[in-house]
Amino acid sequence: MNRDALSRALGRIAWASVFLYLDVNININSGSFNLLPEWAGYVLVYYALTPLAGWVRSARLLRPLSGILMCWTLALWLLAMLGLDTEGGWWYLPAAVAMLLELYFWFQLLTNLAELAALFGLARERGLRRLRDFSTVLQTLMALPWGYALPESGELQLAIGAAVLIVGLVVIVWTFAALFGLRGDIAAAECGEGPTDA
């Protein structure tokens, strides 16, 4: 399989994480415009999955899911630009389904990337699996309705908010380092036998 195509694909996945984790919003009239829209990140991943599947075949199964998530996030982005509210009400059900799909998508993608690292004999495999497990648990915890369980103490809520912010920043930096690092490791690796079944 083509190592250059694989390296470009890993670069797309790494840059996709920038679009997915960072928000740069500009308010225009009654709407909001995100300069780093999530849908663009899913477009990058969508086109990266075919070269990745040349090495880890199960990655091709994520392509339809990345298309669904791209359409969902594009719809939310357009509605936000128009100033339409997509919080609460009947939006709860599709948002919950999309959140579950996204959780599975990133769990499986990080699994595939860890398998790729193992194929090349890279120590980064263990770090990718740890990142996958930690971020999955964190996203699951963040999705729970904590507002109903926590006391209404302002100091406690401030402390929890600060802790969540710090942990979130750690995960973002960890993800960027892992994905951009994997791309560099693969480009520098001397081994790699070809595709494998996952």
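**View 1. Aromatic rings pair up in this predicted model.** The structure contains ten aromatic pairs. Let's start with W15 and F180, whose ring centres are 5.2 Å apart. Their planes meet at 85°, so this pair is edge-to-face. W15 belongs to helix α1 and F180 to helix α7 (residues 154-188), so the pair ties together parts that lie 165 residues apart in sequence. F180 has a relative accessibility of 30%, so it counts as partly exposed.

**View 2. F134 and W174 form a tilted pair.** Here the ring centres are 5.8 Å apart and the planes are at 45°; the pair is called tilted because that angle is neither under 30 degrees nor over 60. Distant parts of the chain are linked once again: F134 sits in helix α5 (residues 124-143) and W174 in helix α7, 40 residues apart. F134 is partly exposed, with 39% relative accessible area, and W174 is partly exposed too, at 30%.

**View 3. Y42, F105 and W106 are joined in a cluster by ring pairs.** Keep W106 in mind for the last view.

**View 4. A charge sits over a ring where R63 meets Y46.** Look for the charged end of R63, which is 3.9 Å from the centre of the Y46 ring.

**View 5. Helices α1 and α4 cross.** The axes of α1 (residues 3-21) and α4 (residues 92-119) come within 13 Å and cross at roughly 145°. The crossing is left-handed. Which residues make the contact? From α1 come L6, L10, I13 and L20, and from α4 come W106, L109, L113 and L116. By class, that gives eight nonpolar residues, with no polar and no charged ones.

Conventions. Residues numbered from 1 in each chain as written. Predicted model: local features only at pLDDT ≥ 70, side-chain atom pairs only at ≥ 80, totals over all residues. Heavy atoms only, no water. Axes fitted to C-alpha atoms, helices over the stretch in contact; angles between N-to-C directions. Helix = DSSP H or I, 4+ residues; strand = E, 2+ residues; numbered from the N terminus. Left-handed = near helix turned anticlockwise from the far one by under 90°. Contact = heavy atoms within 4.5 Å. Nonpolar A, V, L, I, M, F, W, Y, C, P; charged D, E, K, R; others polar. Phe/Tyr/Trp six-rings, centres within 6.5 Å; stacked < 30°, edge-to-face > 60°. Buried < 20%, exposed > 50% of the residue type's maximum accessible area, 1.4 Å probe, protein only. Lys NZ or Arg CZ within 6 Å of the ring centre and 35° of its normal.
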